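Here's a set of short exercises to work through with the model open on your screen. Try each task before you read its solution.

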Amino acid sequence: MSDTPLLEVRNLKVHFPLPGTLLKPKSGGSVKAVDGVSFHLNRGETLGLVGESGCGKSTTGMAVLRMTPVTAGEIHLEGNNITDLKGRSLRTLRRKMQMIYQDPFGALDPRMRVLDIIGEPLKVHNLVSGRKAYRAEVMRLMELVGLLPGMAERYPHEFSGGQRQRIGIARALAARPEVIICDEPVSALDVSIQAQIINLLKDLQEELGLTYLFVAHDLAVVRHICDRVMVMYLGHVVEVADSEELYTNPQHPYTQALLSAIPIPDPRAESRREVDPSIEGEVPSPVNPPSGCPFHPRCKHAMETCRTVAPELKDTTQGHAVSCHLYEPTSAAMPQIRVASMA
Ligand SMILES: Nc1ncnc2c1ncn2[C@@H]1O[C@H](COP(=O)(O)OP(=O)(O)OP(=O)(O)O)[C@@H](O)[C@H]1O
């Protein structure tokens, strides 16, 4: 892997005006969906982006793709600032960054044949010339994702969920992208199919040298596919580390709580598992964020400190960074809770 990140995001903010403030933007109120997120993505790696519903994962992915307006911050692809690209440059960028969507049922146009769904990016970005080359390229892509070329004339409703997700993957690959944002690509699929799609994504990455930003709320899935994992909470990154390091040595109380909620496949171990109570109940919303420390009720710091000053993301060991006022890299680690084994 190269030392220069393929993608770099610096202090990204995406704030949406609250309903009712759209006509009077100065009247205040906004949802801080993403609020100062920084990360990098190395060529050929998979970075997981995890957190509970509403923490800003999808918005981060959409902002990186320039599909949602960026309030502040910078996005760099291959060293070029792409935050304000427009027109033809933005179209070129769109080819380099593709998305695989969560809902394989809603993401495909039901009136289009698979041939045209997968082939559309070839036409839009002028990647092949002539009908024959177009058809041959679609067939190649179908084979690459495990679909029979004979299915090219069919419509999306004739396919299962897993097959539809394969169509979505082939369509993303057609553009020959540098980065693929996988937005919960398996959460709408049956568990048995999930593993097939995860393995397909891994194989394609190896074969084509792809780079993934893998958005998910299922921490068990993320562990199997990601090299590094970044944990988000209410628009902020609270911890980032190599995958194994994060799962075996989580430092942030919120990461520890999230990990405690992963079910254990062994029924006896599962019956002994203790879920951190702070993770139970209603998922916090950025529309009405919790009062006090937004990160964890066990935080001993003055509540207002955490509300008014976002904790800095501090490096602990190499590549492992934590954002919490309580965390002191030089002192002993923060109070640990027991982390459920995933064996
Ligand atoms: N276009 C929008 N206008 C207003 N608010 C929005 C918009 N898009 C997202 N939000 C809000 O921003 C917050 C973050 O949403 P986002 O979809 O990024 O979260 P998420 O972590 O991906 O959640 P999920 O896993 O449920 O998709 C939520 O409170 C959401 O309601």
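Two residues count as in contact if their C-beta atoms, placed from the backbone, lie within 7 Å. Keep in mind that this is a predicted model.

**Exercise 1. Work out how helix 1 sits relative to the strands, and what the open sheet looks like.**

Step 1: Start with the helix. Helix 1 lies across strand 1 (7-17), strand 2 and strand 4, and its direction makes an angle of about 115° with strand 1.

Step 2: Now trace the sheet. The open sheet has 4 strands in the order 2-1-4-5, and the pairing is antiparallel.

Step 3: Check the ends of that order. Strand 2 and strand 5 (80-81) are at the edges with a single partner strand each, so one side of each has no neighbour in the sheet.

Step 4: Zoom in on one edge. Strand 4 (residues 72-77) runs antiparallel to strand 5, and 2 bridges join them. Look for L77, which stands opposite N80 in strand 5.

**Exercise 2. Describe the shell around the ligand: which residues are closest, and which elements give two or more residues?**

Step 1: List the neighbours. The ligand is surrounded by 15 residues, and the closest are F16, A33, S53, S58 and T59.

Step 2: Assign them to elements. Strand 2 (30-41) and helix 1 (57-64) are the elements that give two or more residues to this shell. Helix 1 gives the most, with 3 residues.

Step 3: Sort by class. You should get 6 nonpolar, 8 polar and 1 charged residues in the shell around the ligand.

**Exercise 3. Is strand 7 covered on one face or on both, and which strands does it pair with?**

Step 1: Count the burial. In strand 7 (residues 179-183), 5 of its 5 residues are buried. The cut-off here is 20 or more other C-beta atoms within 10 Å of a residue's own.

Step 2: Split the residues by face. In a regular strand the side chains alternate between the two faces of the sheet. V179, I181 and D183 are on one side of strand 7, I180 and C182 are on the other, and all are buried, so both faces are covered.

Step 3: Find one partner. Strand 6 (residues 97-100) pairs with strand 7 in the parallel sense over 4 bridges. M99 stands opposite I181, and the bridge partner of Q98 is I180. Strand 6 is also covered on both faces, with M97 and M99 buried on one side and Q98 and I100 on the other.

Step 4: Find another partner. Strand 8 (residues 211-216) runs parallel to strand 7, joined by 5 bridges, and C182 has F214 as its bridge partner.

Step 5: Follow the connection. Together, strand 7, helix 6 (residues 191-208) and strand 8 make a right-handed β-α-β unit.

**Exercise 4. Explain why helix 9 counts as largely enclosed.**

Step 1: Count again. Helix 9 (residues 253-260) has 7 of its 8 residues buried, so the rest of the structure largely encloses it.

Step 2: Name them. The buried residues are P253, Y254, T255, Q256, A257, L258 and L259.

Step 3: Look for what they pack against. That's helix 7 (219-225), strand 9 (228-233), strand 10 (236-242) and helix 8 (243-248).

Step 4: Set this against the whole chain. The protein has 11 helices and 12 strands, and 37% of its 343 residues count as buried.

Definitions and conventions: Residues are numbered from 1 along each chain as its sequence is written. This is a predicted model: local features need pLDDT of at least 70, side-chain atom pairs count only at pLDDT 80 or more; totals for chains, interfaces and linings use all residues. A residue is buried if 20 or more other C-beta atoms lie within 10 Å of its own, exposed if 12 or fewer, and partly exposed in between; C-beta atoms are placed from the backbone. Two strands pair if DSSP finds at least two bridges between them. A crossover is right-handed if, with the strands pointing away from the viewer, the path from the first strand over the helix to the second runs clockwise. A residue is near a molecule or strand if its C-beta atom, placed from the backbone, lies within 6 Å of it. Ala, Val, Leu, Ile, Met, Phe, Trp, Tyr, Cys and Pro count as nonpolar, Asp, Glu, Lys and Arg as charged, and the others, Gly among them, as polar. Axes are lines fitted to C-alpha atoms, for helices over the stretch in contact, and angles run from 0 to 180 degrees between N-to-C directions.
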